[in-house]
Amino acid sequence: MSPKELVGRVGLYVLISLITVFMALPVLWLLFAPFDASPTLSTSLPDWTGRNFGELLRNPDALPSIGISLVHALGTMALVTSFGALAAYALSRVKIPGRDGLLYALLLLSSIITGTAAMVPIFTLMTQIGLVDTQLGVVLVLTGGMLPTAIFILKDFMDGIPRSYEESARVFGASPLQILRDVVLPVVRPGLATIAVWTVVQVWGNFLTPFILLRQAERPAAVVVYTFYTEGGQADLGLISAFSLLYSIPVVAMYVFVNRRYGFRFHGGIKR
Amino acid sequence: MADIVLEQLVKEYPGGVRAVDGLDVTIEDGEFFALLGPSGCGKTTLLRSIAGLETVSGGSIRIGGRDVTRLAPGARDIAMVFQDYALFPHMTVRDNIAYPLKIKKVGKQERAEKAEETAEGLSLGGLLERRPGQLSGGQQQRAALARAVACHPQVFLFDEPLSNLDARLRLEARTFLKRLQRDLGVTTVFVTHDQAEALAMSDRMAVMEAGRIRQIGTPREVFQRPASTFVAGFIGSTPMNLLDATIDRDTVRVAGTSVPLPESARAHVRDGEEVVYAARPEYMTFSTEAADAGIEGTVAIIENMGVGSLVSLEVGATIVQVTVPEGQEPPIGSRGWAVAAPQRVLVYRRDDGELVGSERAPALAEA
Amino acid sequence: MALTASPPAEPAEAAGVTKSPAPQAATDAAGLGRARASVFVAPALALIAAFLVFPALWTLYLGITNYRLTGVAALRPRVVGLDNYARALGDPEFLNSLWLTLLFVIGSAVIGQCVLGFVLAWTLRAVPRTVRTVVELLVMLAWILPSSVVAFLWIALLDRDGGTLNVLLNTPGMAWLIEYPMLSVIIFNAWRGTAFSMLLFSAALNGIPPSQLETARMVGASGWQQLRDVVLPHVRGHILTNLLLISLWTFNDFSPFLITAGGPNGRSETLPVFVYNTAIPGGQLGFGSAVSLLMLLINLVLAVVYLRLLKQRRA
């Protein structure tokens with residue numbers, strides 16, 4: 001290695017180290033504070049304790065809010081995956097009049113009508129039709145917002161199934177529904193899993209929609225974490241950090257699962 | 001078992017393109033029938049129309065006397081093997097083979113037995129629990145065949161069944177497929193773009209171009225007497241010599257030489273008519289000495305073909321090809337004469353490319 | 001091979017001649033047909049129409065009313081025409097918010113995420129696998145953690161009294177979120193969203209034929225020259241795609257609210273936060289809708305440019 005190369009190499013590692021510190025620094029608090037007997041906002045090696053988690057179990061809002069998050073995530077996942085798969089399949093295989101325009105419009109809509117840009121009319125709409133303060137309302141709004149992207153990605157998967165699979169089944173006399181059940185859905189399972197995980201991760205972390213739509217009703221973890229104050233009006237850091245850790249574990253686990261099982265396949269914009 | 005009768009069959013795509021343009025074909029019961037043609041000639045569309053995967057625009061399809069033109073694919077009692085085999089990747093070989101039976105509501109027990117029996121017959125015995133992805137190309141092909149065989153259809157349809165195999169396996173599979181068809185005696189239509197495959201396997205074949213059938217016949221008929229210059233150019237592993245020529249009374253003037261006019265064409269041409277003189281390189285002999293009715297030229301290229309060589313003679317601006325036996329290749333640049341076996345020579349019309357005197361020559365009656 | 005069984009029973013219509021022509025046979029691979037396909041598409045389209053398209057269209061109407069959350073205008077909203085828009089365009093708070101959003105997009109997305117993402121994608125190719133795995137995991141972690149959680153992480157990092165940053169920099173009592181609210185939020189978002197750019201650029205860099213880089217190396221190009229002459233021309237399209245997408249997302253990002261709630265004094269109030277603060281706690285639904293519509297229009301421009309590029313590249 002020439003001296004010039006050596007300098008380059010050292011420079012490279014210094015750069016990577018700096019970035020690593022930048023990326024890691026905020027996360028450390030999440031790892032240490034939950035176990036700290038007297039947590040502060042600073043990151044320090046804790047006096048190890050499980051007390052914060054005990055408090056978490058006793059808190060009347062904490063665990064139920066995880067349950068609400070679960071209801072939102074699973075409900076939205078069920079709707080997005082099933083309706084998305086049906087629509088994507090039909091759009092992939094049948095030339096319905098205006099299909100290409102529809103697909104283009106869907107892509108456009110999903111990128112321009114965001115939760116933030118549409119929060120006022122959504123809030124107004126839900127108030128008018130009485131779905132404000134209901135868990136169903138949250139699920140429906142989330143589903144409507146995520147379906148276009150889901151249809152798009154699923155259609156990609158559906159387009160990848162050789163037509164000969166279906167034609168072959170058809171020659172054997174299988175009905176369209178049998179083909180869907182026996183051939184298409186099993187073959188496209190990785191796509192369904194991708195969408196299911198994507199939906200769950202999105203909904204699990206979504207703050208804005210439940211924040212706006214749920215006032216008196218029970219609220220999911222993303223919102224509830226902002227309500228943990230001690231009697232003195234201070235943020236209850238022990239509780240918040242322990243709760244944050246508990247609340248983060250499922251999405252991290254899911255990421256690891258997907259990464260192992262399917263490899264992290266890159267779909268433009270899958271995260272948001 | 002059943003014959004297939006196509007009458008005035010038309011498949012027109014939106015925009016007016018006719019992929020199949022008024023075909024009349026009868027495929028006999030138990031026949032192994034090849035549809036041959038270049039890509040885009042409509043052969044696959046025809047096969048898919050018989051399967052019911054394409055809705056025809058006109059005409060009728062009858063299978064075993066039953067009009068199936070408007071029936072769904074599943075109601076036609078056929079089985080199809082696709083080019084990519086279309087084995088379902090999430091099912092084991094056993095489940096793949098049993099799937100059509102499941103659709104036909106055959107009981108679970110019977111399904112399993114039949115799948116096993118069929119697989120055994122196609123030497124897939126030990127592979128029943130594997131997924132298609134774990135099979136070799138040849139095994140996949142046999143699994144796809146087993147799936148077709150297991151449901152005992154009246155007709156097999158094969159879409160380029162061998163094209164996904166590598167060259168050596170393809171030869172084995174040809175023999176295998178031919179024997180399987182013979183044993184089962186099921187009427188079979190297969191599509192191929194490989195003329196050697198069609199010649200080797202079929203009982204009869206149809207050569208297609210632009211949605212029409214240019215010739216139907218046994219492989220021997222089609223090879224020996226192609227009905228048009230198109231068929232002549234398409235059939236044969238070495239391209240047929242197609243040389244512009246002029247009728248000169250009882251002879252043909254071709255590349256500056258007078259050669260005899262074939263018997264079969266004699267009554268059908270005018271003196272002075274412009275024609276195409278055709279002879280296969282295999283039906284010509286090469287001579288290093290001046291030969292009667294031989295076309296003289298310079299040896300330009302020699303291509304080794306294993307058992308012999310293909311010699312290209314330059315005659316002015318035209319090329320005449322002739323095969324020579326092993327070890328008798330002339331030196332490049334030397335003079336030589338190509339002589340056609342008179343009863344093998346064909347004459348085509350220059351304007352439409354049709355064979356002159358299309359009745360079969362008596363000398364070539366099949367053995 | 002034993003072939004003992006008879007062919008399966010023929011279906012009923014097989015016995016005789018088919019009398020009535022079958023209904024318009026399906027021409028698609030699965031035999032689905034248009035009618036069934038429409039049924040398949042319907043539920044998804046209904047939900048999208050009701051909860052995505054309709055609200056967007058309704059903004060148009062709400063934006064020209066004086067609709068309020070409470071009071072007389074809540075019961076009987078009055079059409080006020082383009083007043084809301086005129087008011088927004090003349091409102092210093094709105095203009096301030098628009099300016100802050102621009103800073104936010106350029107600072108955190110265009111400069112932060114895009115540059116950092118490219119640097120990561122480029123440098124991580126040259127380091128051992130374990131190093132790469134660790135760094136990638138951290139970058140991904142920042143991206144996948146719920147926004148409520150990461151917001152707290154940053155509040156903790158930047159806190160005035162016991163914040164980790166102050167401990168590290170030895171600047172006790174420095175209130176980053178009050179002194180530099182916009183800068184904090186920008187750096188936060190660069191940290192949060194770099195993963196997407198990194199993934200996209202990694203994929204793009206993997207798509208460069210190794211032979212081209214090898215050729216460049218063979219003629220003696222330096223690392224910098226390779227980057228400029230081989231890599232950049234190759235990933236130019238990806239950079240553009242990436243810029244548009246992350247700009248779009250950053251523009252609509254609500255997470256600054258979770259850290260600063262727009263404060264202090266609107267100094268970090270990006271448009272989404274501004275809309276929320278005016279419309280929902282502020283109750284001015286009509287005015288909020290007008291601003292929402294302006295946001296939708298900006299989104300539309302970005303999205304149309306993006307789709308144009310996408311189409312060009314496919315063609």
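Three exercises with worked solutions follow, on a predicted model.

**Exercise 1.** Describe the contact between chain C and chain A, from its residue counts to its composition.

Solution.
- Step 1. Count the residues on each side: 78 residues of chain C are in contact with 78 residues of chain A.
- Step 2. Find the main contributor on chain C. Helix H2 (residues 33-62) of chain C gives the largest share of the side that touches chain A, with 20 residues.
- Step 3. Sort the chain C side by residue class: 60 residues are nonpolar, 14 are polar and four are charged.

**Exercise 2.** State which domains chain B is assigned, and how many residues each brings to their contact.

Solution.
- Step 1. Read the assignment: domain 1 of chain B covers 4-230, and domain 2 covers 238-357.
- Step 2. Take the separation. The C-alpha centres of domain 1 and domain 2 of chain B are 38 Å apart.
- Step 3. Count the contact residues: domain 1 of chain B supplies five residues and domain 2 of chain B supplies seven residues.
- Step 4. Classify the domain 1 side that touches domain 2 in chain B: two nonpolar residues, two polar and one charged.

**Exercise 3.** Work out the strand order of the open five-stranded sheet in chain B, and find the bridge partner of Tyr277(B).

Solution.
- Step 1. Write the order: S13-S12-S11-S14-S20 (chain B), with antiparallel pairing.
- Step 2. Identify the edges. Strand S13 (257-260) and strand S20 (346-349) of chain B each pair on one side only.
- Step 3. Add the twist, which averages 45° from one strand to the next.
- Step 4. Go to the pair at the S20 edge: strand S14 (residues 274-279) of chain B and S20(B) are antiparallel, joined over four bridges.
- Step 5. Locate the partner: Tyr277(B) is bridged to Val347(B) in S20(B).

Terms used. Residues numbered from 1 in each chain as written. Chains lettered and ligands numbered in written order. Predicted model: local features only at pLDDT ≥ 70, side-chain atom pairs only at ≥ 80, totals over all residues. Contact = placed C-beta atoms within 7 Å. Helix = DSSP H or I, 4+ residues; strand = E, 2+ residues; numbered from the N terminus. Nonpolar A, V, L, I, M, F, W, Y, C, P; charged D, E, K, R; others polar. Domains from an automatic or database assignment. Pairing = 2+ DSSP bridges. Axes fitted to C-alpha atoms, helices over the stretch in contact; angles between N-to-C directions.
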